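Please read the following report alongside the sequence and the coordinates. It takes up the nucleic acid surfaces, then the protein fold and its interior, and lastly two loop positions.

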There are 2 protein chains.
Amino acid sequence: MAHERSLPPEVERMWGREPVSRRGPRPRLDLARIAAAAIDIADAEGLAGVSMASVAARVRVATTALYRYVGSKEELLTVMADSAVPLPPEPGDLPWRDYLALWTRGNRDILLERPWLLSAARLSPPLGPRRLLWLDRLMTALGGTGLDDGEKINVATTLTGYALTDAAVVHGVGGGDPRLEEAGVKGASDYGDVLAEVLDPETYPALSAAMRAGVLRGAVGWVDDEDFLFGLNLLLDGIEALIARRASEGRADRG
Amino acid sequence: MAHERSLPPEVERMWGREPVSRRGPRPRLDLARIAAAAIDIADAEGLAGVSMASVAARVRVATTALYRYVGSKEELLTVMADSAVPLPPEPGDLPWRDYLALWTRGNRDILLERPWLLSAARLSPPLGPRRLLWLDRLMTALGGTGLDDGEKINVATTLTGYALTDAAVVHGVGGGDPRLEEAGVKGASDYGDVLAEVLDPETYPALSAAMRAGVLRGAVGWVDDEDFLFGLNLLLDGIEALIARRASEGRADRG
DNA sequence: TAAAACTATGAACGTCATACACAGTAGCTC
DNA sequence: GAGCTACTGTGTATGACGTTCATAGTTTTA
């Protein structure tokens, strides 16, 4: 057949395209249960707590039994990272801009609720069912805008990246980063104090001035919801401009 | 003293604020040499090649000697990630928009040249001299725009995130991702084929239609420079709108 | 009933980050 | 210059981890 093509093994597995075997004892597990166990551990103890041993213990199986279902730990992480993602909101008949805002916020909230996803997130393009569902819904929501498919995908990429950035910053500065917390840096304003102390005004003129003026004092400049909306609206404004441009082009073509 | 405050140890070290000791044998190494060695290894073999043992071997020292200079491997990675960053371009008297484009592209190119930075990049806010220098230059370039310091920082965060996203996508789809390459997925169009094969048109209507139409055929929709500019201009347009708004507010206040 | 196909197990290996005790070295104090 | 002190590099040891492999056990097929 023409488009016979071997998929990466974890992709085969994520999509349940494994050849089903009839002989031998019935498997006591399946990939979904293993992933769920791993996710439970990550939720409770962070990614560091997820080892083959700990996952296996949680599903009451010898460590090496997992390798019947997963080629490597890498693969397990990939599967986890996809199945930890909830279903996307449905576009309904929301205006595209509202849906994009909802979508991006949802995307970010996933990362805030499961900070380990920030580290587990494979930087390669999405191949799992859940993440692709998010992508599909976004493209649906952009249906009437006149953007072509490539542009829609680009929009999705950009918004995903923004969600990731924002979540990383909120999580990094707002709390939870063990490296900083150890040293007593508890929030944005402490972060600012650290910078103010360390920066030489001659080589860092703008930054050190800002810090000494106390930009981050009272968490202004980061962490709160306004900052998320700040960047989001930057992007949405840009997208809106693009859509408008396409619309006028379309009119011009037809007129 | 009022603002006596203990910094995280790797920050102290990155800024050379360690107490200098006069007693005992003179150290045969310093943090910079260690970081440089680790960076060399990462450049040659990727992050996976960087172990305490390999780094130590490269500087001709016993493995455990490194712990005189670095608290943990984590710390070493943090230091590496900062000192692998080159100096930022100087704003000169470029218009802010040109400089921001230059800055963001530079930011991204760093990640393309050293893909391991994508994995090493600490998701927490920057604390190293190099990254903060980039931040400072961006704030300088935004000097005459009327944005306040918090907004400038937000702009920097957003652009940094975009650079990271783009680099990750280019690197992930364009090549270099070992997971995909193994399975013969060499570029964007193969990625599209995989998706087309896997997606059920009923649950993924928009996406599967796009794939079957061959969005990614010929790398359209990803990877090439136009796609980078696409998102970048989205952001710059948004920023421009914000600056215009601030400017008119400023006039309104005065008039 | 025998073969075949598949599953789970336990032991073993190599790698890695890290802790610790020790030996050597250079400045400081007298 | 003697001896104390603080500091540096080494070697050994440990425990965790990912992964391989041979083996024993189990269910279906012939």
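## Surface around DNA strand C

In this predicted model, 24 residues surround DNA strand C, and Arg28(A), Ala62(A), Met52(B), Thr64(B) and Lys73(B) come nearest; a residue is near a strand if one of its heavy atoms lies within 4 Å of it. By class, these surroundings comprise 9 nonpolar, 8 polar and 7 charged residues, where Ala, Val, Leu, Ile, Met, Phe, Trp, Tyr, Cys and Pro count as nonpolar, Asp, Glu, Lys and Arg as charged, and the others, Gly among them, as polar. Of the strand C atoms within 4 Å of the protein, 66% belong to sugar or phosphate, and the rest to bases.

Several polar contacts (pairs of N or O atoms within 3.5 Å; within protein, one must be able to donate a hydrogen and the other to accept it, and residues adjacent in sequence count only if both atoms are side-chain atoms) can be listed here. A polar side-chain atom of Tyr69(A) is placed 2.9 Å from a phosphate oxygen of DNA strand C, and an N or O atom in the side chain of Tyr67(B) is likewise 2.9 Å from a phosphate oxygen of that strand. Arg23(A) has a polar side-chain atom 2.9 Å from a sugar or linking oxygen of DNA strand C.

## Surface around DNA strand D

DNA strand D is surrounded by 25 residues, of which Tyr67(A), Lys73(A), Arg28(B), Ala62(B) and Thr64(B) are the closest. Sugar and phosphate make up 64% of the strand D atoms that come within 4 Å of the protein, and the residues of this surface divide into 10 nonpolar, 8 polar and 7 charged.

A backbone N or O atom of Ala62(B) lies 2.6 Å from a phosphate oxygen of DNA strand D, whereas Arg68(B) places a polar side-chain atom 3.0 Å from a base oxygen of DNA strand D. Arg23(A) also has a polar side-chain atom 3.0 Å from a sugar or linking oxygen of DNA strand D.

## Fold and interior

Chain A contains 12 helices and 0 strands, these being DSSP runs (H or I, at least four residues, for helices; E, at least two, for strands) numbered from the N terminus. Of its 255 residues, 51% count as buried, that is, under 20% relative accessible area, with exposed over 50% and partly exposed in between (1.4 Å probe, protein chains only). Among the contacts in chain A (heavy atoms within 4.5 Å) with a separation of 6 or more, 70% join residues 24 or more positions apart.

The largest nonpolar core, a set of buried Ala, Val, Leu, Ile, Met, Phe, Trp, Tyr and Cys residues joined through side-chain atoms within 4.5 Å, has 153 residues, and Leu100(A) and Leu100(B) have the most contacts inside it. Not counting residues up to four places away in sequence, Leu100(B) touches Leu138(B), Leu142(B), Val155(B), Leu159(B), Leu236(B) and Ile239(B).

## Two loop positions in chain A

Thr145(A) sits in the loop between helix H7 (129-141) and helix H8 (149-174), and it counts as buried because its relative accessibility is 10%. Its side chain reaches the backbone oxygen of Leu142(A) at 2.6 Å. Beyond four places in sequence, Thr145(A) is in contact with Trp96(A) and Ile243(A).

Pro88(A), in the loop between helix H4 (73-83) and helix H5 (96-113), is buried with a relative accessible area of 7%. Leaving out residues up to four places away in sequence, Pro88(A) touches Tyr99(A), Leu133(A), Trp134(A) and Arg137(A).

## Conventions

Residues are numbered from 1 along each chain as its sequence is written, while chains are lettered from A and ligands numbered from 1 in the order in which they are written. Local features need pLDDT of at least 70 and side-chain atom pairs count only at pLDDT 80 or more, whereas totals for chains, interfaces and linings use all residues, and side-chain values use heavy atoms, with hydrogens and water left out.
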